[in-house]
Amino acid sequence: MQAIIDYCKRKKAAVEDYPFGPEPLVMKVGGKMFALISDSSIALKCDPAIAENLREQHEAVKPGYHLNKKHWNTVLVDGSLDDDEIFAMIDHSYALVVSKLTKAERERVEQAAK
């Protein structure tokens, strides 16, 4: 799980937050959540068509727990998916969130150091 957390932290302008208490860890960019990390899962934003496809392909990918199930997946980190597959889902979530930021906020993200 630490590799997943470290990967999220390396995203440009990513910020750690704990808005719900000591758990879960929320990763944000531009003030918007792109990952919600708990002990054994990570919730990630996802294009609705891709989200459905991932759920059909992988038993470890479920509709977002306590999130909008159309736009969020919860990925169980149970060893059935390798880190690269999870990293690709993180990249997709991050890109979706950045694309919805204001132009000024996107520019701040682009100018941020990694």
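Here are some questions and answers about this predicted model, starting with its sheet and moving on to its salt bridges.

Q: In what order do the six strands form the open sheet?
A: The pairing in this open sheet is antiparallel. Neighbouring strands are turned by 30° against each other on average, direction ignored. Read across the sheet, the order is β1-β2-β3-β4-β6-β5.

Q: Which strands stand at the edges of the sheet?
A: A strand at the edge has a single partner strand here, so one side of it is left without a neighbour in the sheet. The strands in this position are β1 (14–17) and β5 (61–63).

Q: Which residue in β6 stands opposite Lys62?
A: Strand β5 pairs with β6 (residues 72–76) in the antiparallel sense, over three bridges. Lys62 has its opposite number in β6. That residue is Thr74.

Q: Which strands does helix α1 touch as it packs on the sheet?
A: Helix α1 covers residues 2–9, and its direction makes about 170° with that of β3. The strands it touches are β1, β2 (25–29), β3 (32–37) and β4 (41–45).

Q: How many residues apart in sequence are the parts that Lys28 and Asp17 tie together?
A: The side chains of Lys28 and Asp17 meet in a salt bridge, 2.8 Å from N to O. Lys28 belongs to strand β2 and Asp17 to strand β1, so the pair links parts whose separation in sequence is 11 residues.

Q: Is Arg55 buried or exposed?
A: Arg55 forms a salt bridge with Glu52 (3.1 Å, N to O), and the two are three residues apart in helix α2 (residues 48–57). Glu52 is partly exposed at 40% relative accessible area. For Arg55 the relative accessible area is 17%, and the cut-off for buried is under 20%. Arg55 is therefore buried.

Q: What separates Glu105 and Arg108 in helix α4?
A: These two side chains meet in a salt bridge of 2.8 Å, N to O. Glu105 counts as partly exposed at 21% relative accessibility, and Arg108 is partly exposed with 49%. Because they lie three residues apart in helix α4 (residues 103–111), what separates them is about one helical turn.

Q: How many salt bridges does the count come to?
A: Among them are the pair Lys28 and Asp17, the pair Arg55 and Glu52, and the pair Glu105 and Arg108. To be counted, a side-chain nitrogen of Lys or Arg must lie within 4 Å of a carboxyl oxygen of Asp or Glu. By this rule the count is five.

Terms used
Residues numbered from 1 in each chain as written. Predicted model: local features only at pLDDT ≥ 70, side-chain atom pairs only at ≥ 80, totals over all residues. Heavy atoms only, no water. Pairing = 2+ DSSP bridges. Helix = DSSP H or I, 4+ residues; strand = E, 2+ residues; numbered from the N terminus. Axes fitted to C-alpha atoms, helices over the stretch in contact; angles between N-to-C directions. Contact = heavy atoms within 4.5 Å. Buried < 20%, exposed > 50% of the residue type's maximum accessible area, 1.4 Å probe, protein only.
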